[in-house]
Amino acid sequence: MLKNIFLVSCAVLVISGLPYYAQDISAFVSKGAATGTEAVVPAPSRAQTVAAKPSAHYATGVRAAVVPMSRDGHFSADFRINGRLVKGLIDTGATYVAINTSTARTLGLGLANSDFKHQVRTANGVTSAALVSLDRMEIGAITVHDIEAFVLNDQALSSTLIGMSFMSKLQSYRVRDNRLELVN
């Protein structure tokens, strides 16, 4: 009787952990196959990634996040930037993460007018920007440190863009079944 109770207890513990494991492992499954509309894009170098605090460890050691495609065909998600919640639009065509001055203030970045010394080309034309370093960005179980970002005036940028200065620090990312799968 005691043996049966023990086995049932073990089974319950294992089953209760499966949803968390299955959610984040989906980005890792069939990693080598790239067929049909599936695209696997390896990041430039794992050596460039700064070791992240383990926010989630699984049997595979993989940290992953899945972002579903929105109705407008974009991938938007909630990120934590320097510990603050920020809605970001993932844009692999953007070289850097880009935030506006209002978001920068929320993140505690104090910028002077003299910091806006870089000229950047956006979809709306050329504008001035300040180059900053973000301590950390998190999405799901993924944490990345030391990300370069540009701060633009609110008139030039209405939302946060998650560009390649973040994406290139990941191990890989791919689009499959209308989901963006990120692996670190």
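This passage describes the nonpolar cores, strand 5 and the surroundings of T101 in a predicted model. Residues are numbered from 1 along each chain as its sequence is written. Local features need pLDDT of at least 70, side-chain atom pairs count only at pLDDT 80 or more, totals for chains, interfaces and linings use all residues, and side-chain values rest on heavy atoms, with hydrogens and water left out.

The largest nonpolar core (buried Ala, Val, Leu, Ile, Met, Phe, Trp, Tyr and Cys residues joined through side-chain atoms within 4.5 Å; buried means under 20% relative accessible area with a 1.4 Å probe, protein chains only) has 31 residues, and F79, L134, M137, I139, F166 and L182 have the most contacts inside it. Among the elements that each supply at least two residues of this core are strand 5 (97-100), strand 8 (142-152) and helix 3 (164-167), where helices (H or I, at least four residues) and strands (E, at least two) are DSSP runs numbered from the N terminus. A second, separate core of 8 residues includes V120, F150, L157 and L161. Contacts of M137 (heavy atoms within 4.5 Å), leaving aside neighbours within four places in sequence, include F79, V97, I147 and F166.

In strand 5, V97 and I99 point one way and A98 and N100 the other, and all are buried. Strand 5 runs parallel to strand 8, to which 4 bridges join it (pairing requires at least two DSSP bridges), and I99 has V151 as its bridge partner there.

T101 lies in helix 2 (residues 101-106) and counts as buried because its relative accessibility is 14%. Not counting residues up to four places away in sequence, T101 touches F116, V151, L152, N153 and D154; the C-alpha atoms of T101 and D154, 53 residues apart along the chain, are separated by 5.8 Å.

Conventions. Buried < 20%, exposed > 50% of the residue type's maximum accessible area, 1.4 Å probe, protein only.
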